[in-house]
Amino acid sequence: VLEERIRFKVREMESTYRVRIFSESGRNAAALPDLPKAAYDIKGRTVYPDGREITFDSRKDFAERKVEAGGRETSQVHMVAPGVTADCVVEVRWRERCDGYRDALPRRFTNGLYGQWRLGNAYPTRVSAVEISERMPLATSINGNSQWKVEAKTIDGFRVFIYRDLPAVEVPPYSLQVTNGLPRLEIYWQPDPLIQAFSEGRDAYWTEAFKRIYLPDYEDSVDTGRPFKQVAAELIEGLPEPPHARATELLRRLDARIKNMSHPTAEERAALPKKFWDDYESKRLDKVAASGLASSRGMRLMFYHLLKTAGIQPKIAKVVDRDQDLFNYGRLNPWQFHHDLLGVEEAGKGVIWFDAGNRHATPGVVHPDYEGVGMLVFQTKDSKSWKPSLELLGAKPFTSNRRSYAFSLHLEDDSDRFDLQAQFGGYPEYAERYRYLPLEPKEQSRVLKEQFEKNRKSLTISRAEVM
């Protein structure tokens with residue numbers, strides 16, 4: 001990569017990407033993972049050694065290529081510049097309006113509150129530059145391992161940071177890309193009350209962040225009117241007394257009573273009213289209780305308030321997807337988290353963490369991308385004074401994740417019949433539910449059949465069914 005450059009102007013950001021391709025395997029370097037749909041003023045060209053060039057100026061000129069994105073069976077769409085060969089130079093520049101908070105970042109970055117960019121690429125990068133207007137209204141930081149020297153200067157009203165000769169980004173087996181130490185740019189809103197707390201130390205900062213930002217998500221303007229109270233009374237009746245068992249059964253009952261429409265089945269998706277999301281408010285728990293429908297956030301709020309109604313004050317954990325970042329208690333940025341968990345403690349048995357917004361996870365199952373790394377935990381004894389702490393979300397023991405298979409072979413005159421039944425628990429169950437539940441029954445059978453035929457090419461599958 002000859003050059004990657006991000007320029008943050010007032011109400012606009014501009015990106016530039018230039019790459020020299022030398023071989024067939026290097027053609028992937030012409031794929032852009034971040035060409036937003038709102039990009040405009042696109043200008044690019046593909047230049048060949050004999051001086052010929054192909055110019056392009058629209059997102060429609062790019063070809064789309066899907067690539068795997070992490071361990072959740074999702075994919076990203078990369079945009080491939082036109083006319084790419086094994087010997088050429090590709091140059092692309094585009095602009096994007098900053099329509100988020102204070103017109104500092106595009107809205108797609110957490111409504112303009114927080115953006116993060118990792119400098120460097122899968123190929124060696126000659127120049128990686130960031131230019132930030134001195135009138136940028138948000139806080140900014142650039143950090144990385146000390147071995148990468150930065151050239152910092154001010155030019156024509158812009159703070160300019162330049163890194164040279166960054167190595168190719170590598171992800172060795174069983175490692176995390178976020179630990180490679182390459183430079184990272186963060187731009188984020190630091191609310192005024194947190195600016196004052198910034199100088200008072202880390203504990204004071206996170207306590208203030210919880211009071212101003214995190215707790216209001218759970219407590220402010222939440223409607224727990226009559227429909228909620230009626231459902232709460234039904235769900236709480238007859239619960240076991242021990243906190244772990246009480247919370248686990250409560251979440252099971254909640255999942256059975258309220259449908260999480262952020263992860264609908266095919267049948268639920270077809271039956272969903274067309275304007276459901278237009279009128280939906282996650283904090284209207286009375287409407288959630290009355291309709292039996294909620295979003296992932298609504299399910300988490302329902303579980304939080306049901307726990308309190310059942311006499312349990314849960315802990316609140318802010319967690320980070322370890323494929324994207326690692327939480328640092330000393331990095332005072334309130335927007336660095338990706339998800340929330342609710343914890344229930346029982347004397348002598350520790351804490352069970354619940355992901356109430358994840359329909360495919362059974363109570364107590366947390367996606368592995370949040371495990372094994374630090375998290376920010378808030379807890380209270382009187383429901384008034386909350387204290388922050390840095391804790392580790394430990395990985396589940398291997399016995400929690402189960403796959404079991406039952407085989408039977410029937411010997412017949414003309415052919416043999418082989419029957420297989422599979423059952424799953426823990427994360428394997430989550431993965432299978434995530435794969436199959438959103439599909440129509442016919443699609444479920446087709447996908448399962450194709451999976452077996454791919455892995456067992458010697459078998460002829462006559463029937464496959466997801467139970």
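This is a short walk through a predicted model, one selection at a time.

**Stop 1: the whole chain**

Start with everything on screen. The chain has 467 residues, and 44% of them count as buried. Colour by secondary structure and you should find 10 helices and 23 strands. Along the principal axes, the C-alpha atoms fill a box of roughly 75 × 75 × 45 Å. Switch on a surface if you like: the chain exposes about 25,500 Å², and carbon and sulfur atoms supply 48% of that. As for contacts with a separation of 6 or more, 63% come from residues 24 or more positions apart.

**Stop 2: helix α3**

Now select residues 226-236, which make up helix α3. Which of its residues are buried? They are F228, V231, A232, L235 and I236. Look down the axis of α3 and these buried residues fall within an arc of 125 degrees, so they line one face of the helix. Turn to the other side of α3 and you meet R226 and K229, which are exposed.

What do the buried residues of α3 pack against? Add α4 (243-257), α7 (285-291) and α8 (296-309) to your selection, and you have the partners. Before moving on, click on G238, just after α3: this glycine takes a positive phi of about 75 degrees.

**Stop 3: stacked rings**

Next, show the aromatic side chains. The whole structure holds 21 aromatic pairs. One of them is F210 with F378, a stacked pair at 4.2 Å centre to centre, with 25 degrees between the planes. F210 sits in helix α2 (residues 202-219) and F378 in strand β20 (residues 373-380), so this pair ties together parts that are 168 residues apart in sequence. Are these two rings buried or exposed? F210 is buried, at a relative accessible area of 3%, and F378 is buried too, at 0%.

For another pair, go to F276 and Y280: they are tilted, 5.4 Å centre to centre and 35 degrees between the planes. Both F276 and Y280 are buried.

Back at F210, widen the view. Ring pairs link F198, Y205, W206, F210, Y214, F327, Y329, F337, F378 and W386 into a cluster.

**Stop 4: charged partners**

Side chains of opposite charge can pair when their charged atoms come close. In this structure a full search turns up 37 salt bridges. Try E96 and R108, whose closest N and O atoms are 2.7 Å apart. This pair links distant parts of the chain, with E96 in strand β8 and R108 in the loop between β8 and β9, 12 residues apart. E96 is buried, with a relative accessible area of 4%, whereas R108 is partly exposed at 40%.

Then pick D325 and R331, which meet in a salt bridge at 2.7 Å, N to O. Here both residues, D325 and R331, are buried.

To see a network, select E3, R5, R7, R18, R45, E53, E91 and E131: salt bridges link them.

**Stop 5: the loop around G100**

Return to the loop between β8 (88-97) and β9 (114-118) and click on G100. This glycine is buried, with a relative accessible area of 10%. Which residues does G100 touch, leaving aside its neighbours within four places in sequence? L105, P106, R107, N111 and G112 are in contact with G100. Draw a distance from G100 to Q116, C-alpha to C-alpha, and you get 15 Å across 16 residues of sequence.

**Stop 6: a nonpolar patch and its surroundings**

Bring the surface back and select Y405, F407, L409, L411 and F418. Together they form a nonpolar patch with about 590 Å² of accessible area. Strand β22 (residues 402-411) gives the most to this patch, with 4 residues. Zoom in on L409, which is in that strand and is exposed, with a relative accessible area of 56%.

From β22, move to helix α9 (residues 427-436), whose buried residues are P428, Y430, A431, E432 and Y436. Their cover includes β22, β23 (416-425) and α10 (441-455).

Finish in α10 with R446 and E443, a salt bridge with its closest N and O atoms 2.7 Å apart. The two are 3 residues apart in that helix, so about one helical turn separates them. R446 is partly exposed, at 36% relative accessible area, and E443 is also partly exposed, at 32%.

Conventions:
Residues are numbered from 1 along each chain as its sequence is written. This is a predicted model: local features need pLDDT of at least 70, side-chain atom pairs count only at pLDDT 80 or more; totals for chains, interfaces and linings use all residues. Side-chain values use heavy atoms; hydrogens and water are left out. Buried means under 20% relative accessible area, exposed over 50%, partly exposed in between (1.4 Å probe, protein chains only). The arc is that of the directions from the helix axis to the C-beta atoms. Contact means heavy atoms within 4.5 Å. Patches are made of residues with over 30% relative accessible area and no salt bridge: like charges are joined within 9 Å, nonpolar side chains (Val, Leu, Ile, Met, Phe, Trp, Tyr) within 5 Å. Accessible areas come from the Shrake-Rupley method with a 1.4 Å probe; for residues, only the protein chains shown count as cover. A salt bridge is a side-chain nitrogen of Lys or Arg within 4 Å of a carboxyl oxygen of Asp or Glu. Rings of Phe, Tyr and Trp (its six-membered ring) pair if their centres lie within 6.5 Å; planes under 30 degrees apart count as stacked, over 60 as edge-to-face and the rest as tilted.
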